[in-house]
Amino acid sequence: MDLPVMPPVKPMLAKSVARIPPGMQYEAKWDGFRAIVFRDGDEVELGSRTGKTLTRYFPELVAALKERVPPRCVLDGEIVIAREGRLDFDALTERIHPADSRVRTLAERTPASFVVFDLLALADESLMDTPLSERRALLVTALDGVAPPVHVAPATTDIEVAREWFEQYEGAGLDGVVAKAPTLRYRPDERAMFKIKHERTADVVVAGYRLHKSGPVVGSLLLGLYDGTGALQHVGVSAAFSMQRRRELVEELEPLRMDDVAGHPWAAWADEAAHESARLPGAPSRWSGKKDLSWVPLRPDRVAEVAYDHMENGRRFRHTARFRRWRPDRAPESCTYAQLEEPVRYDLAEIFGRAG
């Protein structure tokens, strides 16, 4: 491979802001695996956000990119998987599997797509120092008429359209809106863009915690919601605390600490088979490896309000939730899935039809 921009390249990043800023180019914030695609003839490399290769996990994309993108180019975008018109991040994570046979089976069963939103090199020219507005024009021209599973991400400079996208696209599983200055050069591994994400709050049961890697202080709170059967399901964690607050939480939660997990709603957490029928902390996965998944059980008597962006498949918080406050006025049994706001569904096909 011999391109004007060579791997590895860490992608340009975005920092969170509360509102959509004016005077920008706006795109949807895709919820998938960020990837830099390098193509030089028959050679294709998919580089991850960390610089590691994703190529072996998406053989169907390698084949599609050879057919559908310019013979010599470097593209920035997102690998996504859609089911029933909505992004499915769980299906995407299943692809990171050590067995090649499993990867190829999933490539046929749940094929991935690549959504392109930036062009870093074309033919023999690097575009890293070219303003975004010019890169976007070149991208649209270079991928004119491109066919699925490769898509050009829709973009607009109209802030009112961006606001509509922010409200509508969540129903298709997207994460919010990204804003980029039209004059922006490509700056690898720098937070030079802006992201505006959805945030909602929910009242959850705090039913345990994990210790911090630094010592006997709270690392993360384990959060639960009651389902329609009355079972407490593990829905995620809250983890962003100062070191002083981590120490304080240990003292605050000590009266709820259980000496033994027996009798706790998540008592079966160490039984791998139990995870097939319930959401429990410590679920084994290829991501955790040999990580210590043990936790301190608490009587599920304390309620907290947390902020979250959206739910993954309606079952768990997609990202780490942000602790807001204790809710002593709420009964744990009232913390159910029914309180969660469900975004209006929106078909991904409508989004892909707006590229240009």
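Good morning. I begin with the lining of the largest cavity, whose residues divide into 3 nonpolar, 3 polar and 3 charged. The structure under discussion is a predicted model, and every value I quote is computed from it.

Which residues form that lining? The residues that line the largest cavity are D31, R86, L87, F89, G173, H310, M311, E312 and N313. Two elements each give two or more residues to this lining, namely β7, through 86–87, and β18, through 311–312. The space in the largest cavity comes to about 60 Å³. When the whole structure is searched for cavities of 30 Å³ or more, the result is 1.

I turn next to the aromatic residues. How many aromatic pairs does a search of the whole structure find? It finds 8. One of the residues from the cavity lining, F89, also appears here, since ring pairs link F33, F58 and F89 into a cluster.

Within that cluster, F33 and F58 form an edge-to-face pair, with 6.4 Å from centre to centre and 80 degrees between the planes. F33 belongs to strand β3, residues 33–40, while F58 sits in the loop between β4 (43–48) and α1 (59–68), so the pair ties together parts that are 25 residues apart in sequence. Are these two residues buried or exposed? Both F33 and F58 are buried.

A second pair has another geometry. The ring centres of W165 and Y169 are 5.4 Å apart and the planes meet at 15 degrees, so this pair is stacked. The cut-off for stacking is an angle under 30 degrees. W165 is buried, at a relative accessible area of 4%, and Y169 is buried as well, at 1%.

Two arginines also deserve mention in connection with aromatic rings. R318 lies over the face of F89, at 3.5 Å from the ring centre. F89 therefore appears three times in this account: in the cavity lining, in the ring cluster, and beneath the charge of R318, whose CZ meets the cut-off of 6 Å from the ring centre. The other case is R302, which lies over the face of W326, at 4.6 Å from the ring centre.

Let me now move to the strands, with β2, residues 25–28, as the example. What covers its two faces can be read from its residues: Q25 and E27 on one side, and Y26 and A28 on the other, are all buried, and both faces of the strand are covered.

Which strands pair with β2? Strand β12, residues 176–180, runs antiparallel to β2 and is joined to it by 4 bridges. In that pairing, Q25 stands opposite K180. Strand β11, residues 155–156, also pairs with β2 in the antiparallel sense, over 2 bridges. Here the bridge partner of Y26 is T156.

A contact between parts of the chain distant in sequence involves I196, in strand β13, residues 191–197. I196 and P21 are 175 residues apart in sequence, yet their C-alpha atoms are 9.2 Å apart in space. I196 has a relative accessibility of 3% and therefore counts as buried, the cut-off being under 20%.

I close with the backbone. As general background, most residues other than glycine have a negative phi, and most peptide bonds are trans. Where does this model depart from that pattern?

The peptide bond from P7 to P8 is cis, with omega near 0 degrees. P8 lies in the segment before β1, which spans 13–16. A cis peptide bond also joins P148 and P149, with omega at about 15 degrees. P149 has its place in the loop between α4 (132–142) and β10 (150–152).

As for phi, E84 is not a glycine, but its phi is positive, at about 55 degrees. E84 is placed in the loop between β6 (82–83) and β7. With a relative accessible area of 78%, E84 is exposed. D189, likewise not a glycine, has a positive phi of about 65 degrees. D189 is found in the loop between β12 and β13. Its relative accessibility is 44%, so D189 counts as partly exposed.

Thank you. I welcome your questions.

Key. Residues numbered from 1 in each chain as written. Predicted model: local features only at pLDDT ≥ 70, side-chain atom pairs only at ≥ 80, totals over all residues. Heavy atoms only, no water. 1 Å grid on protein atoms, 1.4 Å probe; cavity = no way out; pocket = protein on both sides within 12 Å on 5 of 7 lines; lining within 4 Å. Points joined across faces, edges and corners; volume = space filled by probe spheres on them. Nonpolar A, V, L, I, M, F, W, Y, C, P; charged D, E, K, R; others polar. Phe/Tyr/Trp six-rings, centres within 6.5 Å; stacked < 30°, edge-to-face > 60°. Buried < 20%, exposed > 50% of the residue type's maximum accessible area, 1.4 Å probe, protein only. Lys NZ or Arg CZ within 6 Å of the ring centre and 35° of its normal. Pairing = 2+ DSSP bridges.
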